[in-house]
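Hi,

Here is the structure I promised to send over. Have a look at it first, and then read on for my notes.

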Amino acid sequence: ACCSYRLRDALHPLWQSPLTIPGGTRQSPINIQWRDSVYDPFLKPLKISYDPTTCLHIWNNGYSFLVEFDDSADRSTIVGGPLENKYRLKQFHFHWGAINDWGSEHTVDSKFYPAELHLVHWNAVEYPSFEEAVMEGNGLAVIGVFLKLGARHEGLQTLVDALPAVRHKDTVIEFDDFDPSCLIPSCPDYWTYAGSLTTPPLTESVTWIIKKKPIEVDEDQLEAFRTLLFTSDGEEERRMVDNFRPLQPLMNRTVRSSFR
Ligand SMILES: NS(=O)(=O)c1c(F)cccc1F
Ligand SMILES: [Zn+2]
């Protein structure tokens, strides 16, 4: 049983690729040690402008569920913060655990949250598409928001209600008129550091912007995430849980904070 577990675990989709890419010096996720972060007074406030009509569909891609946006124009964008260009929203998705003790990708002072939201944006000023931007050091900007167990989140509920329709891998459902800024805490405080995608191809192209304040969701909403499947319809069911990458070494990086 033990070896089959190890084999199964080793073949788990998230770990097919090496845990860290050879020569990787800026891999994600990392532990954010609050006392080691450095306040940077030159960091600007992050300006978030999303147009809910750019929301297209929800898709179970076998790693997570993605809510994808029309990124053919500058209609849902972020600018400011640590960024030198305007970045377009491409998709958002989550990472979560089988139980509430873990699930986030980043940790704060080694504390895991039960889940973490990632809003993925690409540098549309310097690159023609997301696919090109993914290969460049300043190509992507991902806003990370921690989810903690607490009150029911009404904005998230519209998303949760649609999840049964994307239970299996490679299912998609139309999803429109959703403004993801309802999932971002109003508190402006964030940490930022240079990192990577946390799923293959793990490219070192992400400016991470991790919000200090979590949002609250309730147990039923977290349980709804755990009813999704890694597997396609007709395959032996494997629950979509623990879809987070292990922590990566900080190496020669400093995490900056926008707050004292
Ligand atoms: N987890 S993550 O935010 O790094 C991420 C991306 F940025 C882009 C694509 C997939 C993905 F998972
Ligand atoms: Zn992610």
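Let me start with a loop: Pro-201 is found between strand S12 (190-195) and strand S13 (206-211). The peptide bond from Pro-200 to Pro-201 is cis, with omega near 10°. Do keep in mind that this is a predicted model.

There is another cis bond to look at, the one joining Ser-28 and Pro-29, where omega is about 5°. Pro-29 is in the loop between helix H1 (2-10) and strand S1 (31-32).

While you're checking the backbone, click on Asp-177 too. Asp-177 is not a glycine, yet its phi is positive, at about 60°. You'll find Asp-177 in the loop between strand S11 (171-174) and S12.

Now for the ligand. Where does ligand 1 sit? Ligand 1 is in the largest pocket. The elements that contribute two or more residues to the shell around ligand 1 are strand S7 (87-96) and strand S9 (115-123). S7 gives the most, with three residues.

The full set of surrounding residues is Gln-91, His-93, His-95, Glu-105, His-118, Val-120, Val-142, Leu-197, Thr-198, Thr-199 and Trp-208. Sorted by class, that shell has four nonpolar, six polar and one charged residues.

Three histidine contacts are worth displaying:

- His-93: a polar side-chain atom lies 3.3 Å from a nitrogen atom of ligand 1.
- His-95: an N or O atom of the side chain is 3.3 Å from a nitrogen atom of ligand 1.
- His-118: here a polar side-chain atom is 3.3 Å from an oxygen atom of ligand 1.

As for how covered the ligand is, ligand 1 has 310 Å² of accessible area on its own, and the protein covers 90% of that.

Finally, some strand pairing, which leads back to S7. Strand S3 (residues 46-49) and strand S6 (residues 77-80) run antiparallel and are joined by four bridges. Within that pair, Lys-47 has Val-79 of S6 as its bridge partner. S6 also pairs with S7, again in the antiparallel sense, over two bridges, and Ile-78 stands opposite Tyr-87 in S7. The hairpin of S6 and S7 has six residues between the strands, and in this hairpin Gly-81 takes a positive phi near 55°. So that you can tie this to the pocket, recall that S7 is the strand that gives three residues to the shell around ligand 1.

Cheers

Methods. Residues numbered from 1 in each chain as written. Chains lettered and ligands numbered in written order. Predicted model: local features only at pLDDT ≥ 70, side-chain atom pairs only at ≥ 80, totals over all residues. Heavy atoms only, no water. Near = heavy atom within 4 Å. Polar contact = N/O pair within 3.5 Å; in protein donor to acceptor, adjacent residues only side chain to side chain. Areas by Shrake-Rupley, 256 points an atom, 1.4 Å probe, with all protein chains shown as cover. 1 Å grid on protein atoms, 1.4 Å probe; cavity = no way out; pocket = protein on both sides within 12 Å on 5 of 7 lines; lining within 4 Å. Sits in = over half its atoms within 2 Å of the grid points. Nonpolar A, V, L, I, M, F, W, Y, C, P; charged D, E, K, R; others polar. Pairing = 2+ DSSP bridges.
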